[in-house]
Amino acid sequence: MTDKLIIGGKEITNRFFTGTGKHANNAIIPQLVNESGIEVITVALRRVDLTSPQENILNYIPKRCILLPNTSGARNAEEAVRIAKLARACGCGNWVKIEVISDNKYLLPDNYETAKATEMLVKEGFVVLPYVSPDLMVAKDLENAGAAAVMPLGAPIGTNRGLQTRELIRILIDEINLPIIVDAGIGRPSEAAEAMEMGAAAVLANTAVATARDPVTMAKAFSMAVEAGRKAYLAGLGPVKVEAEASSPLTGFLD
Amino acid sequence: MDFLALLSPKAAAYLEPMAQKAHRLTVQHFGHTILLYTPMYLSNYCTNRCVYCSFSADHRVVRKKLTLEQVEKEAQSIAATGLKHILILTGESPEYSPVSYIANCVQVLKEYFHSISIEIYPLSTEDYARLIGAGVDGLTIYQEVYDEETYRQLHPRGPKRNYRFRLDAPERGCQAKMRGVNIGALLGLEDWRKEAFFTGMHANYLQNKYLDTEISVSIPRIRPNAGGFTPRFDVTDRHLVQIILALRLFMPRVGITISTRERAELRNHLVKLGITKMSAGVSTEVGGHYNREESSGTGQFEISDQRGVDEIRAMLLEMGYQPVFKDWQSLDGEN
């Protein structure tokens, strides 16, 4: 059985996505991506410097990867749309992860502006992956607007606090007919595995990889955990019980 | 957390554990990255008489103002180093450096840089908005000294005497929708513990109230200058480090900027203690980049770290830090 994630018509096997931010040296990125077989990588357009071959982050991303430019730095829908168009114009493809953040303290996404930007960019022909706080009504709006996936946060960006929003994400997985990609806050491979066991379609983690002592090995650990979690989900987890279950103590006499 | 306790003499005995935590928090929030920028002096005409500044109207330094052609030459020299973030500075002079002149300079600089910040005299919200419209996205303005009595003594004449108008300038910048606002106190003018405390309180107020503006703090120590002003209060390296660490622990997300006022070796050490932005390839002279050969004698203060952009870049990579040249995409030209 092949188990592929399909987004925007592209087949994705490795369901662990990562980003290019916070690394000590861009030169580590190709090694990290290749050794883990990572296929989807997000990059902030604000950091893309086309005029400098040495500093241009795009030169460090293997050509086989699916580039997911993000609109980091956008404070409203309009800025997100402009950044997305600039990304497409400079050869980053037509995928976009919408990040609209007007809160520099907790970096929580602005769901309302994100939904507006999603609507506009879908009409412009983008494959849109909006980053949101997990909220069912907003996720439904995004689905109706034509988003390609929904990316709810597990915890605020960069906090490594894990799946704090577990229940809300579970609801999105149950109710939204789009891939749910858990993005932000995931600090450990075990947390990524848990999200996958719940039925998430993929997990994106950047800080946990980039700030690890050995980012290359950490990326591998995440890839393996995501794969394990996916397999467990497909295999169907057994029911969880508090106590060992005897045979029917109340109705056994009927047998 | 008690910011005052972190700044107290007692906390000085705990610099190492404070540094360990500050380092962890900085890496978590900013990664192993340092943003590079350089200042560009447009004009040193000034009607103020700040007793600690070479540009004071009382000093007979050479006065100069760049023409738009010279601004372009200066921009080309700086852009050749790969920098994409620039901080433009002027003295306060309605005659030589009015808002219209600065806006014209920004029009030229937009072609070369993705982020343009201003470090000029305080403006009204409308004038900040006007410069944002021209292409400015960041504001740096130091209160210099938060103590009102000392402020009065050190700013005997000129428009800068208005303490309150300057104090509220960062907030007006936030209201005008600057992307970044950077504040600070000039260390050495007053008791650094009090000044660092007020700076932190000011930054925290702005960060909590204006969530969509990135708030940063600078910790400039006073440097030799044309007036020969002697700092009234000693701020040692140890003190400077305590301020940086206390700020980082108090405000994990705040940007912390270190200029070339500090010497190279100290700057290298500070990278791991919470710094997020550094200047590189600096000249404090008007037109000091395209005209490197000879000093025009127009400098604001003497810098300590003379290293060029390539040297700073190499130092950061060597220390395991990514030098970031571009951290914002100018949105001009796309509708």
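This is a short tour of two chains, from their interface to the cores and one buried lysine. The model is predicted.

**Stop 1: the interface**

Show chains A and B together. Select the residues in contact: 32 come from chain A and 35 from chain B. About 3,100 Å² is buried between the two chains. Carbon and sulfur atoms give 46% of that area.

Now pick A:R46, A:R75 and A:N104. These three supply 23% of the area that chain A buries against chain B. No other three residues supply more.

**Stop 2: polar links across the interface**

Stay on the interface and turn on side chains. There are 5 salt bridges between chain A and chain B. For one salt bridge, select A:D49 and B:K84. Their side chains meet at 3.7 Å, N to O. Across the interface, 15 residue pairs are in polar contact, with both residues at pLDDT 80 or more.

Which elements of chain A give two or more residues to this side? They are α2 (77–89) and α7 (207–210). Color α2(A): with 5 residues, it makes the largest share of the side that touches chain B. By residue type, this side of chain A divides into 8 nonpolar, 13 polar and 11 charged.

**Stop 3: the cores**

Move to the largest nonpolar core, which has 108 residues. Select B:I118, B:I219 and B:M278, the residues with the most contacts inside this core. Then highlight helix α10 of chain B, residues 237–250. This helix gives the core 9 residues, the largest share.

Center on B:M278. Beyond its neighbours within four places in sequence, B:M278 is in contact with a run of residues, B:I34, B:L35, B:L36 and B:Y37. Its other contacts are B:I258, B:R267, B:V271, B:I312, B:M315 and B:L316.

A second core of 60 residues is separate from the one above. To find this second core, select A:V33, A:F126, A:I180 and A:A208, which are among its members.

**Stop 4: a lysine in a loop**

Go to B:K160, in the loop between α6 (148–154) and α7 (163–167) of chain B. Is B:K160 buried or exposed? It counts as buried, because its relative accessibility is 9% and the cut-off for buried is under 20%.

Add B:E144. The side chains of B:K160 and B:E144 make a polar contact at 2.8 Å. Leaving out residues up to four places away in sequence, B:K160 also touches B:N48, B:C50, B:Y52, B:E92, B:Y151, B:H155 and B:R166. Show these residues to finish the tour.

Key: Residues numbered from 1 in each chain as written. Chains lettered and ligands numbered in written order. Predicted model: local features only at pLDDT ≥ 70, side-chain atom pairs only at ≥ 80, totals over all residues. Heavy atoms only, no water. Core = buried A, V, L, I, M, F, W, Y, C linked by side-chain atoms within 4.5 Å. Buried < 20%, exposed > 50% of the residue type's maximum accessible area, 1.4 Å probe, protein only. Helix = DSSP H or I, 4+ residues; strand = E, 2+ residues; numbered from the N terminus. Contact = heavy atoms within 4.5 Å. Buried area = accessible area lost by both parts, 1.4 Å probe. Salt bridge = Lys/Arg side-chain N within 4 Å of Asp/Glu carboxyl O. Polar contact = N/O pair within 3.5 Å; in protein donor to acceptor, adjacent residues only side chain to side chain. Nonpolar A, V, L, I, M, F, W, Y, C, P; charged D, E, K, R; others polar.
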